[in-house]
Amino acid sequence: MLEAKGLTKKFKKTVVVDNFSFNVSKGEVLGLLGENGAGKTTTMRMLATMLKITDGTATICGHDVSKEPEEIRGKIGILFGGEVGLYDRLTARENIEYFAKLNGLSDDEAKKNIKALCDRLEMEEYIDKRVGKFSRGMKQKVAIARSIVHDPEVMLFDEPSTGLDVTAVRLIHEFILECKNQNKAIVFSSHSMSEVEKLCDRVVIIHKGKLLEQGTIEELKEKYKNNDLEQVFVDLIGGEHE
């Protein structure tokens, strides 16, 4: 479903992602772990065709990310944490509709999908209100709907729960698990080990742009003789500094 081989990104002489390889299958949640600056977001943005790949390859649903970016964009859904990037002057419906059209949905398809998402995410009360005055949680619901309105096969979540309250975080978790149940391939980055343990089937640890370790959570705990995933992560990163 998604495969990266030797993925590399350089900015001038600085190598941000260095020969990074991994894969994700249908119905699988892959956790992407690393410190700030490790290359997680850069990797996500290359997969999303937002940044050009310097070297290596990535394929999504059989399409080459570098050679077929238009095909890729219709296959992926993206949900980033922090500022969700909605258009404040547009209503929630208009924001979602805009992305539906960008992804080639007809008027009827967009209307049908938006209605279903509105019901599922309980947005009826504010779907036709401008998003500028929405709470963080309300905006995140709109961002979720926007990311999945075209029914993508692959989801990219880059720290999507950043800055959210407990209720909104739970919504994100439910959404990710729903995507898994729909057999989507999912890449999920987070600093929260509890989130990772709750949601991920496998993890890859990236450090200074390079693959440091990978496996299921149980495999890593067993390999490093420690039942605390956070401690396994800290020890691995710390070992690299010695």
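Start with helix α4, residues 107-120. K115 and D119 both sit in this helix, 4 residues apart. That spacing is about one turn of the helix. The two form a salt bridge, and their closest N and O atoms are 2.6 Å apart. Keep in mind that this is a predicted model. How accessible are the two partners? K115 counts as partly exposed, at 47% relative accessibility. D119 is partly exposed as well, with a relative accessible area of 33%.

That pair is one of several. The structure holds 14 salt bridges. Let me show you two others.

Take K101 and D107. They form a salt bridge, with the closest N and O atoms 2.8 Å apart. K101 is partly exposed, with a relative accessible area of 39%. D107 comes out at 52% relative accessibility. The cut-off for exposed is over 50%, so D107 counts as exposed.

Now K223 and E213. This is a salt bridge too, and the closest N and O atoms are 2.8 Å apart. Which elements does the pair connect? K223 lies in helix α8, residues 217-223, and E213 lies in strand β10, so the bridge ties together parts that are 10 residues apart in sequence. The two ends have their own settings. K223 counts as exposed, at 52% relative accessibility. E213 is buried, with a relative accessible area of 10%.

Strand β10 brings me to the sheet. How many strands form it, and in what order? There are 6 strands in an open sheet, and the order is β6-β7-β8-β3-β9-β10. The pairing is mixed. The edges are β6, residues 76-80, and β10, residues 210-215. Each of these edge strands pairs on one side only. Neighbouring strands in this sheet are turned by 15° against each other on average, direction ignored.

Look at the β6 edge. Its partner is β7, residues 154-158. β6 and β7 pair in the parallel sense, over 5 bridges. To find the register on screen, pick G77. G77 stands opposite M155 in β7.

Next, the helices on this sheet. Helix α1 covers residues 40-47. α1 lies across β3, β6, β7, β8 and β9. For your display, β3 is 29-33, β8 is 185-189 and β9 is 202-207. α1 runs at about 150° to β7.

Helix α5 is residues 136-148. α5 lies across β6 and β7, and runs at about 160° to β6.

Stay on α5 for one residue. R146 lies in this helix. Is R146 buried or exposed? The relative accessible area of R146 is 11%. Buried means under 20%, so R146 is buried. What does R146 touch? Leave aside its neighbours within four places in sequence, and R146 is in contact with V84, G85, L86, N95, I96 and F99.

Now to the start of the chain. Strand β1 is residues 2-11, and strand β2 is residues 14-24. They pair in the antiparallel sense over 7 bridges. One bridge to pick out is K10, whose partner in β2 is V15. β1 and β2 form a hairpin, with 2 residues between them. K12 is in the turn, and has a positive phi of about 60°.

β1 has another partner. 5 bridges join β1 to strand β4, residues 55-60, and these two run antiparallel. For the register here, use E3, which stands opposite T59 in β4.

Back to backbone angles. Most residues other than glycine have a negative phi. Which residues go the other way? K12 was one, with its positive phi of about 60°. C61 is another, with phi near 55°. C61 sits in the loop between β4 and β5, and β5 is 63-64.

K225 also has a positive phi, near 55°. Where is K225? It lies in the loop between α8 and α9, with α9 at 229-241. K225 counts as exposed, at 72% relative accessibility.

To recap three spots to click on. First, the K115 and D119 salt bridge in α4. Second, the K223 and E213 pair, from α8 to β10. Third, R146 in α5, which is buried.

Key: Residues numbered from 1 in each chain as written. Predicted model: local features only at pLDDT ≥ 70, side-chain atom pairs only at ≥ 80, totals over all residues. Heavy atoms only, no water. Pairing = 2+ DSSP bridges. Axes fitted to C-alpha atoms, helices over the stretch in contact; angles between N-to-C directions. Contact = heavy atoms within 4.5 Å. Salt bridge = Lys/Arg side-chain N within 4 Å of Asp/Glu carboxyl O. Buried < 20%, exposed > 50% of the residue type's maximum accessible area, 1.4 Å probe, protein only.
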